[in-house]
Amino acid sequence: MEKEKNWLELIGETATYIQQKVGEMPKTAIILGTGLGELVKHIDIKVAIPYAEIPNFPVSTVEGHSGRLIFGNLGNKYIMAMQGRFHYYEGYSMKEATFPVRVMNKLGVKTLFVSNAAGGMNPEFRIGDLMIITDHVNLFPEHPLRGKNYNELGPRFPSMDEPYSHRLIAKAKEIAAQKGIRLMEGVYVGTQGPTFETPAEYRYFSRLGGDAVGMSTVPEVIVARHMDMEVFGMSVITDLGGEGIEVVKVSHEEVQEAAAKAEPVMSMVMEEIINQFQEL
């Protein structure tokens, strides 16, 4: 009986498959979230691999998440993009949901850009606003680093003093000022989902110091920082709740619609940051 492969072997097997299919590897990767996958139209695609063809990869089950790993040029930068991500609420373990980030690092990615749709709790926010993620609160019931630690990937107790890159945040603010774009900043609260928040939960998350809440991103960022990858995150505010804000009924379709309306501005900001930053 063949012995079960350990985590490092699975990561290596997947990375080898992708390397053989693609060849040259980028140092920059993007995870495109709900309603934000349209950024792919700005990418000059060289290779696109369906998740279903990649060994050990999960397959996205959520409407609005396409499920391809894309390699190509975004402006002057050669990048890798995940068109569709994996969520804990789909039934994956945290290790499965964050597996692609492990593979990215194995392939040589040093900088990760993440985007998502989120509910806004800051009274200054409006539906359709873009929010730079400056920090997060992890309220997922399972930690992505729980279990055996492989020192080859990162330390047992990684520091999270700068989960989101200060220099990339500064670059985003500079670009927004140049372009006259309304760009908010705030703390993202990551929860399990898949229910949208109750009025009491919105108030609770707001009192914790959160400005927006969503069901993704935090596990991916933790794993990326475990491996010392630089991270930039941005949310599009698709609904509102919190102290003094009336919570209205919202559907996944409405979230996708709000995200799609904000997509052109999100795409432009992301593309500008990616093209202007200097890789470390």
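N56 sits in the loop between β2 (43-50) and β3 (68-74); helices (H or I, at least four residues) and strands (E, at least two) are DSSP runs, numbered from the N terminus. The model here is a predicted one, so local features need pLDDT of at least 70 and side-chain atom pairs count only at pLDDT 80 or more, while totals for chains, interfaces and linings use all residues. Residues are numbered from 1 along each chain as its sequence is written, and side-chain values use heavy atoms, with hydrogens and water left out.

Back to N56: its phi is near 75°, a positive value in a residue other than glycine. N56 is partly exposed, at a relative accessible area of 35%; buried means under 20% relative accessible area, exposed over 50%, and partly exposed in between (1.4 Å probe, protein chains only). D228 is another non-glycine with a positive phi, this one about 65°. D228 is found in the loop between α6 (218-226) and β9 (230-240), and with a relative accessible area of 62% it is exposed. The helix just ahead of D228 is a contrast in covering: 9 of the 9 residues of α6 are buried. Among them are the charged-looking names on the list, E220 and R225, along with V221, I222 and V223. One more backbone oddity turns up at P194, in the loop between β7 (183-190) and α5 (199-207). The peptide bond from G193 to P194 is cis, and its omega is near 5°.Next comes the packing of the interior. A nonpolar core is a set of buried Ala, Val, Leu, Ile, Met, Phe, Trp, Tyr and Cys residues joined through side-chain atoms within 4.5 Å. The largest such core has 84 residues, and I18, F71, L112, F113 and F232 have the most contacts inside it. Helix α7 (residues 252-276) gives this core its largest share, 8 residues. Apart from it lies another core, of 5 residues, including M121, Y202, F205 and V213. As for L112, its contacts (heavy atoms within 4.5 Å) include A29, I31, V101, M104, A224 and F232, with residues up to four places away in sequence not counted.

Y78 gives a second look at who touches whom. This tyrosine is found in strand β4 (residues 77-83) and counts as buried, at 18% relative accessibility. Leaving out residues up to four places away in sequence, Y78 touches V22, E24, M25, P26, T28, F71, G72 and N73. The C-alpha atoms of Y78 and K27 are 7.8 Å apart, although 51 residues separate the two along the chain.

Aromatic rings are worth a paragraph of their own. Rings of Phe, Tyr and Trp (its six-membered ring) pair if their centres lie within 6.5 Å; planes under 30 degrees apart count as stacked, over 60 as edge-to-face and the rest as tilted. The whole structure holds 10 aromatic pairs. One of them joins F57 and F99 edge-to-face, at 6.2 Å centre to centre and with 75° between the planes. F57 lies in the loop between β2 and β3 and F99 in helix α3 (residues 99-106), so this pair ties together parts that are 42 residues apart in sequence. F57 and F99 are both buried. F113 and F232 make a tilted pair, with 5.9 Å from centre to centre and 55° between the planes. Since F113 belongs to strand β5 (residues 111-120) and F232 to strand β9, the pair ties together parts that are 119 residues apart in sequence. F113 and F232 are buried too. There is also an aromatic cluster, formed by W7, Y51, F57, F86, Y92 and F99.

Finally, there is the empty space. Rolling a probe the size of a water molecule over the atoms shows where such space is left. On a 1 Å grid over the protein atoms alone, a cavity is a set of points where a 1.4 Å probe fits but cannot get out, and lining residues have an atom within 4 Å of a point. Grid points are joined across faces, edges and corners, and a volume is the space filled by probe spheres set on the points. The search of the whole structure turns up 3 cavities of 30 Å³ or more. In the largest there is about 70 Å³ of space, and its lining includes W7, K95, R102, Y150 and H226. By class, that lining has 5 nonpolar, 2 polar and 3 charged residues; Ala, Val, Leu, Ile, Met, Phe, Trp, Tyr, Cys and Pro count as nonpolar, Asp, Glu, Lys and Arg as charged, and the others, Gly among them, as polar. The second largest cavity has a volume of about 50 Å³. Among the residues that line the second largest cavity are F86, H87, Y88, F140, M215 and E220, and its lining divides into 6 nonpolar, 4 polar and 1 charged.

Technical notes. 1 Å grid on protein atoms, 1.4 Å probe; cavity = no way out; pocket = protein on both sides within 12 Å on 5 of 7 lines; lining within 4 Å.
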